[in-house]
Amino acid sequence: MDETSDEPPTSAVLLDNCHFSQVVFNNVEKFYVPGGDVTCYYTLTQNIVPRGKDWVGIFRVGWKTTREYYTFMWAPLPSDARSDSAVQQQIQFKAYYLPKDDEYYQFCYVDQDGVVRGASVPFQFRAETEDDILVVTTQGEVEEIELQNRNLHKENEELKASCASLQKQNIDLQEELNKTQELQNSFESLRCNTEKLELELNSLKKENKHLKELDDCREAELHQLKEQIQNVTSDKERLETRLKTALDRMDQLQSQVLNYEKEVENLSHMDRDKTEQLESLKEENRQLHVTRTQQKEQNKKLGHCMEYLKGSEAKWSLCLSCCLQNGQQQNRDLMKELEEQKRLFQILQAKKNEADEENQKLREENDRLLRHLSQEVSSFSVVSQAQAPIPASEVGGFLYGNPYSDFICNYFVLQVSIRKCPICDEVFPEDIETSQYEVHVQSHLLECPLCSETFEKSNKQVFDDHIFCHGLE
């Protein structure tokens, strides 16, 4: 056996599946002398790719599988493994592992899959024989030997013919076997295809049945959808009619809302005018109260003047009496005017309350109409009622005039008889000229250069505000 302990890869592959032409053995002797090493020469063709577990074994002629090797050696890998040309290789078997009998053996190249890739011609392990032996035979023996040779030759020819016939029959049988194998393969393929087609047919039948059921369901659904479409169409027409009616109603309501808004705006203007009138009356009432207070103070001053002028002449007494009577008459007139203003204030207050109540009713009616409009058409949003803009107040001067104008006028009424300054309470003699008296009074006042209204110098802030109001115009 081989000197290595590793077992080579073998297989039970039959000889029909081997490829003996991929490795060619060269210079194989007819026999090798026992007791000597044997060198095996072989050529790797382009049809084989050598691998690390390839090996060369010595087999007894008549072997059936690669497991029947006598000894083996690992085949060395060529130096240029990627070469596309044939590669010469050699391997040496040691004499110790070679067979000792005279049976016929042969070299075989086996790859690492256990498949034979090449085999050599048979050879023997025996001693060298004498080639120059003289054989002496008689004529009869020669003729007998020739006859035997002819018979053997004839038998050989017959055997060759029989072998050729058998080979031809074998080839025919092999072709028939191949055809039969192909037919069998085709039959198996057809059977598999038939089974697949039957499965597909069954699947298609089931799918067709399912599709028919789906088709029936689809038809029922289509019928239902058609009915639903008809219902939706009728509903749409009905809704369009209602929408058109609602739109017309909404237009009417919008026109009513606009009218109500105009009325509300007019009422707002009226309410504002009433409020302004009320404020004006309040201011006038306040001014009357101030005037009345000033009149009381004037009466006190007149009392003091009367005490001062008691030692004067009779005409002064008469003059003072006249002035006192005039002052009392003015007080009575002022009281009557104050009562009238109070009565007018109450009337305007009542009118204002009535206007507020009417405005509140209109606002409630407007809110009710807006709610009714939003409930009538839910898909339309009603524009919220715009608040009437409050117009800017006129700034052409004081709203109620100069609060000192009445005060100045009242004092100018008294200046004819008393000649007393209404600002500083200075008393002038009767024979003083009126122009001098007016110049004195004007020295205490500031006159607006735009509207000619007058203000006391002590109230310069009011005068400045008045000028500023003119600047805003």
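## Exercises on charge, burial and backbone in a predicted model

Both Asp111 and Arg117 are buried. The model is predicted, and the exercises below concern its side-chain contacts, surface patches and backbone angles.

**Exercise 1. Determine what joins Asp111 to Arg117, and which residues belong to their network.**

Solution.
- Step 1. The criterion is a side-chain nitrogen of Lys or Arg within 4 Å of a carboxyl oxygen of Asp or Glu.
- Step 2. The closest N and O atoms of Asp111 and Arg117 are 2.9 Å apart, and the two residues form a salt bridge.
- Step 3. The network of salt bridges that contains this pair links Arg51, Asp111, Asp113 and Arg117.
- Step 4. For the model as a whole, the count by this rule is 13 salt bridges.

**Exercise 2. Locate the partners of the salt bridge between Asp101 and Arg60, and classify the accessibility of each.**

Solution.
- Step 1. The side chains of Asp101 and Arg60 meet with an N to O distance of 3.3 Å.
- Step 2. Asp101 lies in the loop between strand E6 (87–93) and E7, while Arg60 belongs to strand E4 (residues 55–60). The partners are 41 residues apart, and the pair thus links distant parts of the chain.
- Step 3. Partly exposed residues fall between the limits of 20% and 50% relative accessible area. Asp101 is partly exposed because its relative accessibility is 29%. Arg60, at 38%, is also partly exposed.

**Exercise 3. Explain why Arg191 and Glu188 are separated by about one helical turn, and describe their contact.**

Solution.
- Step 1. Arg191 and Glu188 are three residues apart in helix H1, and therefore about one helical turn separates them.
- Step 2. Their side chains meet in a salt bridge, at 2.5 Å from N to O.
- Step 3. Arg191 is partly exposed at 34% relative accessibility, and Glu188 is partly exposed at 29%.

**Exercise 4. Identify the residues of the positive and negative surface patches, and state which element contributes the largest share of the positive one.**

Solution.
- Step 1. Arg292, Lys296, Lys300 and Lys342 form a positive patch on the surface.
- Step 2. Helix H1 (residues 139–309) supplies three residues of the positive patch, the largest share.
- Step 3. Lys300 is in helix H1, and its relative accessibility of 60% makes it exposed.
- Step 4. A patch of negative charge gathers Glu213, Asp215, Asp216 and Glu219. Glu219 is also located in helix H1; its relative accessible area of 47% places it among partly exposed residues.

**Exercise 5. Assess whether Gln106 is buried or exposed, and name its side-chain partner.**

Solution.
- Step 1. Gln106 is situated in strand E7 (residues 104–110).
- Step 2. The limit for a buried residue is under 20% relative accessible area. Gln106 is buried because its value is 12%.
- Step 3. The side chain of Gln106 makes a polar contact of 2.9 Å with the side chain of Trp63.

**Exercise 6. Describe the phi angles and surroundings of Asn27 and Ser452.**

Solution.
- Step 1. Asn27 has a phi near 55 degrees, a positive value in a residue other than glycine. For Ser452, phi is likewise positive, near 65 degrees.
- Step 2. Asn27 occupies the loop between strand E1 (23–26) and strand E2 (31–32). Ser452 occupies the loop between strand E10 (445–447) and strand E11 (454–456).
- Step 3. With 60% relative accessibility, Asn27 is exposed, whereas Ser452, with 47%, is partly exposed.

Methods: Residues numbered from 1 in each chain as written. Predicted model: local features only at pLDDT ≥ 70, side-chain atom pairs only at ≥ 80, totals over all residues. Heavy atoms only, no water. Patch = residues over 30% accessible without salt bridge, like charges linked within 9 Å, V, L, I, M, F, W, Y side chains within 5 Å. Areas by Shrake-Rupley, 256 points an atom, 1.4 Å probe, with all protein chains shown as cover. Lys, Arg positive; Asp, Glu negative; His and termini not counted. Charge placed at Lys NZ, Arg CZ, Asp CG, Glu CD. Helix = DSSP H or I, 4+ residues; strand = E, 2+ residues; numbered from the N terminus. Buried < 20%, exposed > 50% of the residue type's maximum accessible area, 1.4 Å probe, protein only. Polar contact = N/O pair within 3.5 Å; in protein donor to acceptor, adjacent residues only side chain to side chain.
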